[in-house]
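I opened the notebook today to look up a few packing features in one structure, and I write them down in the order in which I looked.

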Amino acid sequence: MEKSYVKSYVQNRTRAHRIKRKRRRLLFIIIICIVLVIIKLFDIFSSKPQPVKTVEYAEKIESVSTDKLNNESKGSESSLQNVSGVEDAAFVEKYLNQQMQGQRPEGIDGKKVVYLSFDDGPSVTVTPKILDVLKEENVKATFFVVGKAVEENEVTKKITKRLVKEGHAIGNHTYSHDYSYLYPSQTVNSSIFMSDIEKTNQILKQVLGQNFSTRVIRFPGGHMTWQKNDPDGMGVLDKALHDKDYHQIDWNVLPKDAEGAPKNAEQLISEFMRNMGNREKAVVLMHDTYGKEETAKALPEIIRYLKKQGYEFKTIK
């Protein structure tokens, strides 16, 4: 009897130990699975495509009141003359026109000034990166926006507000940026062009407030190009622009981020330095639309180079 009891006791103890081991093993497996799931989730969320991250970032931009945007964007030709860091668009237009015609610009005064400008935005992928660089370097720029890009979605509208909030200037780069529409048969159509400009103006007023206005225009392809292709048509359009106190701004320096084969940041910097030379007044053309990530990467070095050369940074209004 005693032997039977001992045997039963040993069997029960053995069975209990086996059950405990199985439970510990199962618990260990469950813990491992939970850890693996957490790691997988972390990888998924940390490896989202950049556009999604940028959208999330842009969504966090605090809203800017219409009144504040209106106050920051107001300005007449007379009031701009004494505003530090801001250049009158009429001055820049005349300077570039005289320079392109081989004349000595009247604005030459020995002071080195650079006007950074970005075309074709805003984009949710590149414009915020460029704005981050400009903010870090404490530099202001002029953004020539495309109307259809501004109204693309709520994020691009918020980015447009951020442009004004952070002290940058906004220029009008037409609504469509469609060459075949704006310049039918390689000619300049004044009524079509002015209509496209006004369409963008209305969108900007909707986003930035009804008091917003800009005097600064940039032609898709450049004024110089269409002046050569259709001087008569451009003469009519120039008069229409000036009657409304618009001033077209071309450029005299570019890193060629939209010309020729795609370039990496190092190549863009090299092209910029070659193109820059020793200009006294430099209007630099770059782009902040989709696919121009290398421009954003090159920008810090371009800005640092200009600072070392003693240039003052100004916006155009």
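The entries below concern a predicted model and take up a nonpolar core, one arginine and a pair of helices.

Entry one, the core. I looked up the largest nonpolar core and found that it has 43 residues, and that those with the most contacts inside it are L116, F118, L134, F143, L299 and L306. I then listed the elements that give two or more residues to this core, among them β2 (113-119), α6 (127-137), β3 (142-145) and α14 (293-308); the largest share, seven residues, comes from α14. For L299 I noted contacts with L116, F118, I130, V133, L134 and M286, leaving aside its neighbours within four places in sequence.

Entry two, the arginine. I located R218 in the loop between β5 (216-217) and α11 (223-229), and I asked myself whether R218 is buried or exposed. With a relative accessible area of 0%, R218 falls under the 20% cut-off and is therefore buried. I found a polar atom of the R218 side chain 2.9 Å from the backbone oxygen of I249, and a polar atom of that side chain 3.0 Å from the backbone oxygen of D250. Not counting residues up to four places away in sequence, R218 touches residues including S117, D119, N172, H173 and W251.

Entry three, the helix pair. I recorded an angle of about 20° between α6 and α8, with their axes 11 Å apart; angles under 35 degrees count as roughly parallel, so I describe the two helices that way. The crossing of α6 past α8 is left-handed, and I listed T127, P128, L131 and D132 in α6 as meeting I159, R162 and L163 in α8.

Key:
Residues numbered from 1 in each chain as written. Predicted model: local features only at pLDDT ≥ 70, side-chain atom pairs only at ≥ 80, totals over all residues. Heavy atoms only, no water. Core = buried A, V, L, I, M, F, W, Y, C linked by side-chain atoms within 4.5 Å. Buried < 20%, exposed > 50% of the residue type's maximum accessible area, 1.4 Å probe, protein only. Helix = DSSP H or I, 4+ residues; strand = E, 2+ residues; numbered from the N terminus. Contact = heavy atoms within 4.5 Å. Polar contact = N/O pair within 3.5 Å; in protein donor to acceptor, adjacent residues only side chain to side chain. Axes fitted to C-alpha atoms, helices over the stretch in contact; angles between N-to-C directions. Parallel < 35°, antiparallel > 145°, perpendicular 65-115°, else oblique. Left-handed = near helix turned anticlockwise from the far one by under 90°.
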